[in-house]
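Please look through the structure shown here before reading on, and keep it open while you follow the paragraphs below.

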Protein chains: 2
Amino acid sequence: MKAEIIAVGTELLLGQVVNTNATFLSEELADLGIEVYYHTVVGDNPKRLEQLLVEADGRSELIVLCGGLGPTDDDLTKDTVAEHIHRSLVQDEQALTRLHEFFKFSKNKMTENNLRQTLMIEGGIAVQNPTGLAVGTLITENETTYLLLPGPPNELNPMFKQNARPLLEDLFPQAEQLISRVLRFYGIGESQLVTELKELIDSQTNPTIAPYAKPNEVTLRLTAKIADELTGQQLLDDLEAKVMNKVGEYFYGYGDDNSLVKVTVDELKKSGKTITAAESLTAGLFQSTLGDIPGVSEIFQGGFVTYSIGTKERFLGIDPALLEKEGTVSEACAIAMAEQARKVAEADLAVSFTGVAGPDELEGQPAGTVWIGLAQKGQPTIAVLQQFNRDRKYIRQSAVMKGLDLVRRAVVKKN
Amino acid sequence: MKAEIIAVGTELLLGQVVNTNATFLSEELADLGIEVYYHTVVGDNPKRLEQLLVEADGRSELIVLCGGLGPTDDDLTKDTVAEHIHRSLVQDEQALTRLHEFFKFSKNKMTENNLRQTLMIEGGIAVQNPTGLAVGTLITENETTYLLLPGPPNELNPMFKQNARPLLEDLFPQAEQLISRVLRFYGIGESQLVTELKELIDSQTNPTIAPYAKPNEVTLRLTAKIADELTGQQLLDDLEAKVMNKVGEYFYGYGDDNSLVKVTVDELKKSGKTITAAESLTAGLFQSTLGDIPGVSEIFQGGFVTYSIGTKERFLGIDPALLEKEGTVSEACAIAMAEQARKVAEADLAVSFTGVAGPDELEGQPAGTVWIGLAQKGQPTIAVLQQFNRDRKYIRQSAVMKGLDLVRRAVVKKN
């Protein structure tokens with residue numbers, strides 16, 4: 001089942017709007033077992049859209065079009081598709097009734113051009129729009145199915161989920177479903193992960209393994225295509241075991257809607273331990289990242305940004321002679337910051353960050369040099385040296401991620 | 001001058017990633033006077049990419065490809081384009097040197113597949129990647145120009161701006177140039193800005209006015225299309241004066257590569273005043289945002305994250321009876337936090353943030369309720385109440401932006 005998505009709108013080609021509709025529809029169609037082979041964006045130009053439809057006819061069984069169903073003169077998708085398959089446009093009564101109700105309710109004046117929105121392609125199925133006025137059409141002609149949807153995402157999304165998706169499910173019933181599982185890794189780059197798993201990736205056909213790199217982490221999506229859910233989950237379990245055998249030490253959690261900070265906060269909550277931080281180069285980014293998670297106050301009461309020698313001394317009570325002797329970008333400084341932060345904030349754990357965010361070097365050390373300290377009640381304090389690359393922003397984010405991972409590993413060990 | 005953009009990556013067709021590259025590139029190309037007629041997305045499939053190149057050759061003079069320059073086996077864009085124009089891949093020495101330096105510095109193990117990233121198409125111009133390892137190529141063959149860029153936006157964007165854009169400007173010089181100027185506004189929404197400027201926007205043809213909404217700010221791009229730079233600048237000056245006459249009170253700075261935090265830090269530097277902060281709901285985000293700016297240590301030495309009542313008391317010396325009586329989400333708390341932070345940190349100014357980040361309400365006040373305090377040496381301390389909408393992340397970011405604007409206005413007034 002091959003599909004493609006055509007978005008119509010000059011505003012997309014000018015870079016004024018991001019084509020999130022293609023992303024949304026792709027995810028939905030993948031979920032229906034329909035494979036999307038192309039996304040195309042074309043302007044509000046009937047001739048170029050017609051050329052595209054000719055190409056698409058030859059390579060796709062389902063063509064989803066979005067945009068160009070509105071009331072203005074440049075909304076030409078419906079007319080162009082109708083002409084392409086030699087049909088006319090007809091009135092959809094339900095959409096017309098809704099239009100009249102809408103304008104009665106809103107008390108705005110209805111301009112004549114709004115009526116265009118209530119037309120559908122003759123012989124098709126009307127797809128009603130729960131949050132807007134433009135009606136869609138689903139129509140099959142010469143073994144190609146066309147689905148016409150409006151451009152605004154706040155109309156397209158509910159319309160697809162409520163009304164178009166059930167029609168597609170009927171039209172293209174699935175013998176097999178896609179069952180997928182996302183594994184998340186920190187501390188290993190994409191190229192290294194792929195190298196470690198090369199044999200496995202090369203030999204796998206069902207389930208498949210798809211790596212995806214994000215800043216400072218890599219995810220693997222395992223996907224089984226199968227008739228029965230239980231067998232699918234078993235296949236994923238088996239594959240996951242093989243993956244973990246190779247790179248399990250870098251695994252930190254499951255799922256698309258997850259993150260290292262979420263897992264770290266969850267582990268802290270489970271352990272009942274509180275955390276604080278003393279941040280130099282990260283300047284509050286570690287604590288602010290904790291603050292992204294609702295309910296973090298259970299394990300985080302506050303901490304320090306100690307950007308200068310003076311605040312390291314005054315806020316944390318660190319001996320200035322130590323900083324003088326060892327420098328601020330040093331193991332000794334990271335250890336002192338973590339230990340003192342833990343004491344002053346009365347927390348179970350404390351993380352510290354000191355280093356060179358760049359672009360210039362500091363104390364003779366290059367940008368990207370970072371010491372991260374971890375102090376824990378009843379444990380020796382440690383500090384690790386990291387060398388991060390790229391720009392200031394990335395260096396600071398990388399430091400925060402490494403700090404989270406140190407905390408997670410320390411807490412998980414004991415939970 | 002017709003162009004199209006081809007993004008290569010199965011993750012786009014699966015809906016896992018939004019094609020923001022096409023949006024960014026479209027905006028940049030429009031700025032160069034190059035018209036984009038199509039965006040296409042195709043998977044990591046050489047055969048389908050080759051078919052697409054054949055089509056694109058017939059309709060576009062410039063084809064920009066993004067994605068598929070990475071180290072893994074499914075990164076096939078470079079190979080496919082090279083084969084399409086009957087060229088081979090050759091080593092780019094500069095990219096190779098950078099790769100070796102990167103792995104030497106990072107101390108990670110370099111896997112063999114990374115070398116693929118340093119190859120370019122024979123006979124083309126190498127386009128260096130300032131924030132990544134994959135080198136790009138610009139090459140013209142049979143009157144079609146191909147520009148190959150990597151997929152990750154944090155690599156593609158700087159690479160295009162710094163290295164690809166100047167090459168395209170040389171290759172496709174414009175008879176008329178586009179002279180543009182960006183004005184940045186904080187504290188006014190896009191719809192209101194557009195309403196205020198409606199007459200001006202409707203009546204302008206050259207220069208044009210293009211509004212663009214970003215989270216918590218709006219920019220206006222004024223663009224003159226003209227042969228001579230001096231006349232263009234004069235046109236922009238005249239239009240800017242008219243714009244400022246209407247909405248000047250919200251203006252904070254010029255330029256694409258600018259931000260409210262940059263302007264605020266610059267103003268603080270000019271004034272020679274130091275700043276600190278005490279952050280509750282923002283949990284370090286204000287200070288971390290200051291930390292984004294290189295050289296901020298000149299005016300920022302450190303501050304506090306006081307998420308709980310206990311840390312407000314211990315770190316800042318705030319009377320717990322006051323918090324008990326007034327609540328932490330209160331004017332009194334914001335004022336006490338700002339005043340005490342200023343004293344303890346020995347700074348000229350202090351900002352404080354206390355409020356409800358959500359999703360749940362706090363002390364009977366809804367999510368989005370935020371008090372922001374500002375203490376200044378020799379001035380009465382003030383606190384302003386804000387009601388922000390949307391989610392936790394947006395509420396916290398909105399609070400930080402408002403805090404920056406308070407500081408900027410306070411300092412600018414006196415500079």
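In chain B, Pro359(B) is found in the loop that runs between β15 (349-355) and β16 (369-376), and the peptide bond leading to Pro359(B) from Gly358(B) is cis, with omega near 5°. Chain A can be read in a matching way: Pro359(A) sits in the loop between β15 (349-355) and β16 (369-376) of chain A, and the bond from Gly358(A) to Pro359(A) is cis, with omega near 5°. These bonds deserve a careful look because most peptide bonds are trans, just as most residues other than glycine have a negative phi. That second habit of the backbone is worth keeping in mind for Glu143(A), which is not a glycine and yet has a positive phi of about 65°. Glu143(A) is placed in the loop between β7 (136-141) and β8 (144-149) of chain A.

All of this is read from a predicted model, so it helps to ask what scores come with it. The mean pLDDT of chain A is 93, and 99% of the residues of chain A reach 70 or more, while the model as a whole scores ipTM 0.78 and pTM 0.78.

Stepping back to the wider layout, chain A is divided into domain 1 (2-171), domain 2 (177-254) and domain 3 (260-412). The C-alpha centres of domain 2 and domain 3 of chain A lie 32 Å apart, and where these two domains meet, 7 residues of domain 2 are in contact with 10 residues of domain 3. The size of an interface is often given as the accessible area lost when the parts come together. Between domain 2 and domain 3 of chain A about 780 Å² is buried, 53% of it on carbon and sulfur atoms. On the side of domain 2, Tyr186(A), Asn216(A) and Tyr252(A) supply 77% of the area buried against domain 3, more than any other three residues.

Finally, consider a pair of helices in chain A. Two packed helices are described by the angle between their axes and the distance between the axes. Helix α12 (residues 309-316) and helix α14 (residues 331-345) of chain A pack at an angle of about 35°, and their axes are 10 Å apart; the crossing of α12(A) and α14(A) is left-handed. On α12(A) the contact is made by Lys312(A), Phe315(A) and Leu316(A), and on α14(A) by Cys333(A), Met337(A), Gln340(A), Ala341(A) and Val344(A). Sorted by character, the residues of this contact divide into 6 nonpolar, 1 polar and 1 charged.

Methods: Residues are numbered from 1 along each chain as its sequence is written. Chains are lettered from A and ligands numbered from 1 in the order in which they are written. This is a predicted model: local features need pLDDT of at least 70, side-chain atom pairs count only at pLDDT 80 or more; totals for chains, interfaces and linings use all residues. Side-chain values use heavy atoms; hydrogens and water are left out. Axes are lines fitted to C-alpha atoms, for helices over the stretch in contact, and angles run from 0 to 180 degrees between N-to-C directions. Helices (H or I, at least four residues) and strands (E, at least two) are DSSP runs, numbered from the N terminus. A crossing is left-handed if the near helix is turned anticlockwise from the far one by less than a right angle, and right-handed if clockwise. Contact means heavy atoms within 4.5 Å. Ala, Val, Leu, Ile, Met, Phe, Trp, Tyr, Cys and Pro count as nonpolar, Asp, Glu, Lys and Arg as charged, and the others, Gly among them, as polar. pLDDT is the predictor's confidence in each residue, from 0 to 100. Domain bounds come from an automatic or database domain assignment. Buried area is the accessible area (1.4 Å probe) that two parts lose on being put together, summed over both.
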